[in-house]
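Here are some short exercises to work through with the model open beside you. Try each one before reading its solution.

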Amino acid sequence: MSNEFYALMGRMRYITRWGLMRNTYSENIQEHSHMVAVIAHALAVIGNKRFGKAYNPDRAAVLGLYHDAHEIITGDMPTPVKYQNEDILVAFKAVEDSANEKLLNKLPEDLREEFASLLTGENEDEELLVLIKAADRLSALIKCIEERKAGNTEFKEAEKSTLKRIKKMNIPEADVFLNEFLPAYEQTL
């Protein structure tokens, strides 16, 4: 039997993000997931070192890698559409759940349990999942900054609203990232 799970994971590079926006450079979900994993790891380390938390940074990174895997099947749903109203959000969550189930079924049965929580977030530490969401938004904010720096004003409102959503989450680890690491994205390195 051919197990297609990893072949499908490799297709993440073909799913582009920000479909409603004019981009100076295209970003795919593989690139985005890598950045989310890096930031999630950083947030977990910050939480542990600065706020006395007991996060598992390695688990945070792995959750970040898989957080948008369902988009291999669903494509990237633009945020303004996904969060337009509760009915759309609930319907899209059902589509995500179905896509995750299809992905799990591409693994041999003895491996599925190990990957189920990576794809769905079920049975995961809720605080850790909040960090993943913050990392996801921080990655989006970085994309907005990079587009603005490239002269693309199309991302101006997305940058403002994304920053506002991050601050509204009230996560100290994300605040540290915003204050100590985000300013470097404004510089040439």
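**Exercise 1: a histidine in a loop**

In this predicted model, His70 is buried, with a relative accessible area of 5%. Find where His70 lies and what surrounds it.

*Solution.* Start with the chain: His70 sits in the loop between H3 and helix H4 (71-74). Next, set aside neighbours within four places in sequence; His70 is then in contact with Glu96, Ala99, Asn100 and Leu103. Finally, look at the side chains: those of His70 and Glu96 are joined by a polar contact of 3.2 Å.

**Exercise 2: a pair of helices**

Work out how helix H2 (residues 29-51) and helix H3 (residues 57-66) are arranged.

*Solution.* Begin with the axes, which come within 7 Å and cross at roughly 155°. Angles over 145 degrees count as roughly antiparallel, so H2 is roughly antiparallel to H3. The crossing of the two helices, H2 and H3, is right-handed. Now list the residues that meet: H2 brings Ser33, His34, Val36, Ala37, Ala40, His41, Ala44, Val45 and Asn48, while H3 brings Pro57, Asp58, Ala60, Ala61, Gly64 and Leu65. Sorted by class, this contact of H2 with H3 has nine nonpolar, five polar and one charged residues.

**Exercise 3: the start and the buried side of H3**

Which residues of H3 are buried, and what do they pack against?

*Solution.* Take the start of H3 as your landmark: there, a side-chain oxygen of Asn56 reaches to within 3.0 Å of the backbone nitrogen of Asp58. Moving along H3, the buried residues are Pro57, Ala60, Ala61, Leu63, Gly64 and Tyr66. These buried residues of H3 pack against helix H1 (5-9), H2, helix H7 (109-120) and helix H8 (126-149).

Technical notes:
Residues are numbered from 1 along each chain as its sequence is written. This is a predicted model: local features need pLDDT of at least 70, side-chain atom pairs count only at pLDDT 80 or more; totals for chains, interfaces and linings use all residues. Side-chain values use heavy atoms; hydrogens and water are left out. Axes are lines fitted to C-alpha atoms, for helices over the stretch in contact, and angles run from 0 to 180 degrees between N-to-C directions. Helices (H or I, at least four residues) and strands (E, at least two) are DSSP runs, numbered from the N terminus. Angles under 35 degrees count as roughly parallel, over 145 as roughly antiparallel, 65 to 115 as roughly perpendicular and the rest as oblique. A crossing is left-handed if the near helix is turned anticlockwise from the far one by less than a right angle, and right-handed if clockwise. Contact means heavy atoms within 4.5 Å. Ala, Val, Leu, Ile, Met, Phe, Trp, Tyr, Cys and Pro count as nonpolar, Asp, Glu, Lys and Arg as charged, and the others, Gly among them, as polar. Buried means under 20% relative accessible area, exposed over 50%, partly exposed in between (1.4 Å probe, protein chains only). A polar contact is a pair of N or O atoms within 3.5 Å; within protein, one must be able to donate a hydrogen and the other to accept it, and residues adjacent in sequence count only if both atoms are side-chain atoms.
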